[in-house]
Amino acid sequence: MTYTDKIKEVIDGSDVAIFMKGTPQFVMCGNSDRALQALRRAGATVTAVDVLPDPQIRQDLTAISGWPTIPQVFVKGELVGGADIVEELEASGELGETLRTKLGDDFAGVGDERTVALA
Amino acid sequence: MRGLLQSAFPDAQEVDVIDRTGGGDHFQVIVAAPSLTGLSLVEQHRRVYEALAAPLADGTIHELRIKTKGAA
């Protein structure tokens with residue numbers, strides 16, 4: 001399977017997906033951390049993908065999403081944005097609302113945070 | 001960068017570019033423009049990325065934080 005296929009599988013198959021630098025256990029970039037922490041505060045259970053093992057992952061991801069920077073957050077297959085947007089949505093209360101609307105009222109704390117290795 | 005944003009958003013009421021670290025590669029940009037009104041945040045940020053595509057591609061901008069506003 002190509003990276004493109006694997007990336008699409010994660011985006012479409014995860015309630016909340018974050019493509020980040022590093023992993024939730026070892027975050028390698030401040031912006032990835034900002035987005036991850038905001039999602040955690042909102043109660044989201046994320047599926048994380050580290051883009052650092054191969055530069056091709058990031059190139060293929062950007063080709064799919066049309067979004068040039070990392071992190072990238074998707075909810076139910078739809079791009080929500082990067083760290084600035086996720087934090088802005090958290091501040092306005094829309095982040096929780098979006099998660100509830102797309103994932104159902106009992107989305108919070110369901111399942112385990114997981115990391116998917118693509119490389 | 002300010003020039004690129006101003007030509008991409010000729011109706012802008014506010015265009016601000018802040019060098020966050022003083023190193024000339026970590027920036028916060030603020031754009032307030034009526035043409036952004038009604039667009040989702042994703043679309044608003046896309047417009048900013050498009051305006052700054054060249055400095056993003058050549059590495060002039062290492063990190064970019066974006067704050068956008070439509071018409072109040």
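Helices H1(A) and H3(A) are oblique to each other, a term for angles that are not under 35 degrees (roughly parallel), over 145 (roughly antiparallel) or 65 to 115 (roughly perpendicular). The model is predicted: local features need pLDDT of at least 70 and side-chain atom pairs count only at pLDDT 80 or more, whereas totals for chains, interfaces and linings use all residues. Residues are numbered from 1 along each chain as its sequence is written, with chains lettered from A and ligands numbered from 1 in the order in which they are written.

H1 (residues 3-13) and H3 (residues 55-65) of chain A pack at about 60°, and their axes are 9 Å apart. The crossing of H1(A) with H3(A) is right-handed. On H1(A), the contact (C-beta atoms, placed from the backbone, within 7 Å) involves A:Tyr3, A:Thr4, A:Ile7 and A:Lys8, and on H3(A) it involves A:Gln56, A:Ile57, A:Asp60, A:Leu61 and A:Ile64.

The largest nonpolar core, a set of buried Ala, Val, Leu, Ile, Met, Phe, Trp, Tyr and Cys residues joined through C-beta atoms within 7 Å, has 34 residues. Buried here denotes 20 or more other C-beta atoms within 10 Å of a residue's own. A:Ile18, A:Phe19, A:Met20, A:Ala35, A:Leu39 and A:Val86 touch the most other members. Among the elements of chain A giving two or more residues are H1, H3 and strand E1 (16-20); E1(A) contributes the most, with five residues. Beyond its neighbours within four places in sequence, A:Ile18 is in contact with A:Ala35, A:Leu36, A:Leu39, A:Val46, A:Ala48, A:Pro71 and A:Val73. Another core lies apart and has 13 residues, including B:Phe27 and B:Leu64.

Note on methods: Axes fitted to C-alpha atoms, helices over the stretch in contact; angles between N-to-C directions. Helix = DSSP H or I, 4+ residues; strand = E, 2+ residues; numbered from the N terminus. Left-handed = near helix turned anticlockwise from the far one by under 90°. Contact = placed C-beta atoms within 7 Å. Buried ≥ 20, exposed ≤ 12 C-beta atoms within 10 Å, placed from the backbone.
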